[in-house]
Amino acid sequence: MADLEYVKLSDEQVEREVNLLDGWLAIDGHLAKTFEFDRYLDGVAFAAKIGQAAEELDHHPDISIGYKKVFVSMNTHAVGGLSPYDFELARRIERL
């Protein structure tokens, strides 16, 4: 991803990017969203797809699988906040 950089985004940049995403929130330096499913195993399968997308981008979120819910949270540890990689991964997750 030549256009992505590991650079911490400003609060204004984060706000602008979050507003372009459906249901994602910027909380305490993390980008997060809870996805809901009809069946538990649908959430498990979704989490596996997130893992594949994360591996392709080489940017790995925290994933918590609950009953019919999957919680995803991410930030860029190297910059101590949110970077373009977090928002790119969120967009890829939305396409799943």
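The exercises below, each with a worked solution, concern the predicted model shown above. Residues are numbered from 1 along each chain as its sequence is written, and side-chain values use heavy atoms, with hydrogens and water left out. Because the model is predicted, local features need pLDDT of at least 70 and side-chain atom pairs count only at pLDDT 80 or more, while totals for chains, interfaces and linings use all residues.

**Exercise 1.** Work out where threonine 76 lies, and decide whether threonine 76 is buried or exposed.

*Solution.* Begin with the elements: helices (H or I, at least four residues) and strands (E, at least two) are DSSP runs, numbered from the N terminus. Threonine 76 is found in the loop that joins strand S4 (69–74) to helix H3 (84–95). Next, apply the cut-offs, by which buried means under 20% relative accessible area, exposed over 50%, and partly exposed in between (1.4 Å probe, protein chains only). Threonine 76 has a relative accessibility of 2%, and therefore counts as buried. Finally, list its contacts (heavy atoms within 4.5 Å): leaving out residues up to four places away in sequence, threonine 76 touches Tyr6, His59, Gly81, Ser83 and Asp86.

**Exercise 2.** Describe how helices H2 and H3 are placed relative to each other.

*Solution.* Start with the axes, which are lines fitted to C-alpha atoms, for helices over the stretch in contact, with angles running from 0 to 180 degrees between N-to-C directions. The axes of H2 (residues 40–57) and H3 come within 10 Å and cross at roughly 140°. Then compare this angle with the classes: under 35 degrees is roughly parallel, over 145 roughly antiparallel, 65 to 115 roughly perpendicular, and the rest oblique. H2 is therefore oblique to H3. As the last step, name the residues that make the contact, which on H2 are Phe46, Ile50, Ala53, Ala54, Glu56 and Leu57, and on H3 are Tyr85, Glu88, Leu89, Arg92 and Ile93.

**Exercise 3.** Find which helix or strand gives the most residues to the largest nonpolar core.

*Solution.* A nonpolar core is a set of buried Ala, Val, Leu, Ile, Met, Phe, Trp, Tyr and Cys residues joined through side-chain atoms within 4.5 Å. The largest one has 23 residues, and those with the most contacts inside it include Trp24, Leu31, Phe87 and Leu89. Helix H1 (11–19), strand S2 (30–36), H2, S4 and H3 each supply at least two residues of this core, and H2 gives the most, with six.
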